[in-house]
Amino acid sequence: MITVKHLTHEFELGKKGDKTLLPVLHDVSFSVDAGEIVSIIGRSGSGKSTLLNLIGGFIRPKSGQIFIKDQEVSSFSEGQFADFRLNHVGFIFQNFQLIPSMTAYQNVELPLILKGIKELERKRITEETLKRVSLEKFHDHYPSELSGGQQQRVSIARALVLNPPLILADEPTGSLDSETETDLLEFIQQLNKELNITFLIITHDERVAKIGNRIIEIQDGHLIEGGNH
Ligand SMILES: Nc1ncnc2c1ncn2[C@@H]1O[C@H](COP(=O)(O)OP(=O)(O)OP(=O)(O)O)[C@@H](O)[C@H]1O
Ligand SMILES: [Mg+2]
């Protein structure tokens, strides 16, 4: 499903004329098979979100290649990546990235509109997805009118709404209480078993790491566990 080959990344810091480079990932290689749940662990600042943002196409690597479903996505243009994501990848951001001027319902409905799904079908799918994350009473709330855990669940619903074969999740349980987390973990396992959805999940939480088949560990930008091919 995912193959990452010799991925290296550095961020540019500072202004023009006074730039420094911050190396963040060094020669990272691993792969994830279809149907797996793989957790990424590592200390704060080790490069986990950077790795997921590279795989999701939100930033471009300095060098190395990323393949998703045998397509070399690291060579895609921004537009190609946006199209590809719509059809193949659900992304749950560490800081949710909800659109503040849209209600919970509209945030979840948006990918369906972008995909050109008709209104009645959109309504059915959006309502069903919000129900799955127990937000049926919060359709009309704007992100600023929701708790952190509720916003997180909206972002999870948005990632799921198109039933993508791959979900990339950056600390999806970070703002949830333990009961809501239990529900979400069961839900992830159910999606994985019933729909064969592949998950790559960054987490600090042992309970989340435990539902995975495999753990990848990043330390200071180096992959120190879970690299294979
Ligand atoms: N857009 C950016 N510009 C410059 N530096 C960045 C940027 N994003 C991340 N960094 C730096 O890259 C390093 C890795 O950041 P990253 O967000 O990948 O860490 P992380 O492992 O996800 O940490 P956490 O567990 O705290 O979320 C950090 O030193 C961070 O300061
Ligand atoms: Mg992070």
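This passage describes one helix, a metal site and the internal spaces of a predicted model.

A good place to start is helix α5, which covers residues 148-160. Its 13 residues reach 19 Å from the first C-alpha to the last, close to the 18 Å expected at 1.5 Å a residue. The helix is mostly covered, with twelve of its 13 residues buried. The buried stretch includes Gly-149, Arg-153, Ile-156, Arg-158 and Leu-160. Among the elements that cover these buried residues are the strands β6 (89-92) and β7 (166-170), together with the helices α3 (104-114), α4 (119-132) and α6 (178-195).

Helix α5 returns in the description of the cavity. The structure holds one cavity of 30 Å³ or more, and the volume of the largest cavity is about 60 Å³. Its lining is made up of Ile-92, Ile-156, Leu-160, Ile-167, Ala-169, Pro-172, Leu-184, Phe-187, Ile-188, Leu-191 and Phe-199. Two or more of the lining residues come from each of α5, β7 and α6, and the largest share, four residues, belongs to α6. Sorted by class, this lining has eleven nonpolar residues and neither polar nor charged ones.

Next come the pockets. The largest pocket contains about 430 Å³ of space. It is lined by 17 residues, of which Arg-85, Leu-86, Pro-111, Leu-114 and Arg-158 are the closest to its centre. At least two lining residues are supplied by each of α2 (78-88), β6, α3 and α5. In terms of class, 13 of the lining residues are nonpolar, two are polar and two are charged.

The second largest pocket holds about 180 Å³. Residues along its lining include Arg-132, Arg-153, Glu-179 and Asp-183, as well as Leu-176, Leu-184 and Phe-187. Helix α6 gives the most to this lining, with five residues. Here the classes divide into four nonpolar, two polar and four charged residues. Leu-184 and Phe-187 line this pocket and also appear in the lining of the largest cavity.

Finally, there is the metal site. The magnesium ion (ligand 2) has two protein donors, Ser-49 through OG and Gln-94 through OE1, which lie 2.0 to 2.3 Å from the ion. Ser-49 sits in helix α1 (residues 48-55) and Gln-94 in the loop between β6 and α3, so the pair ties together parts that are 45 residues apart in sequence. Gln-94 is partly exposed, its relative accessible area being 42%.

How values were computed. Residues numbered from 1 in each chain as written. Chains lettered and ligands numbered in written order. Predicted model: local features only at pLDDT ≥ 70, side-chain atom pairs only at ≥ 80, totals over all residues. Heavy atoms only, no water. Expected span 1.5 Å × (residues − 1). Buried < 20%, exposed > 50% of the residue type's maximum accessible area, 1.4 Å probe, protein only. Contact = heavy atoms within 4.5 Å. Donors = N, O, S within 2.8 Å, 3.2 Å for Na, K, Ca; no water. 1 Å grid on protein atoms, 1.4 Å probe; cavity = no way out; pocket = protein on both sides within 12 Å on 5 of 7 lines; lining within 4 Å. Points joined across faces, edges and corners; volume = space filled by probe spheres on them. Nonpolar A, V, L, I, M, F, W, Y, C, P; charged D, E, K, R; others polar.
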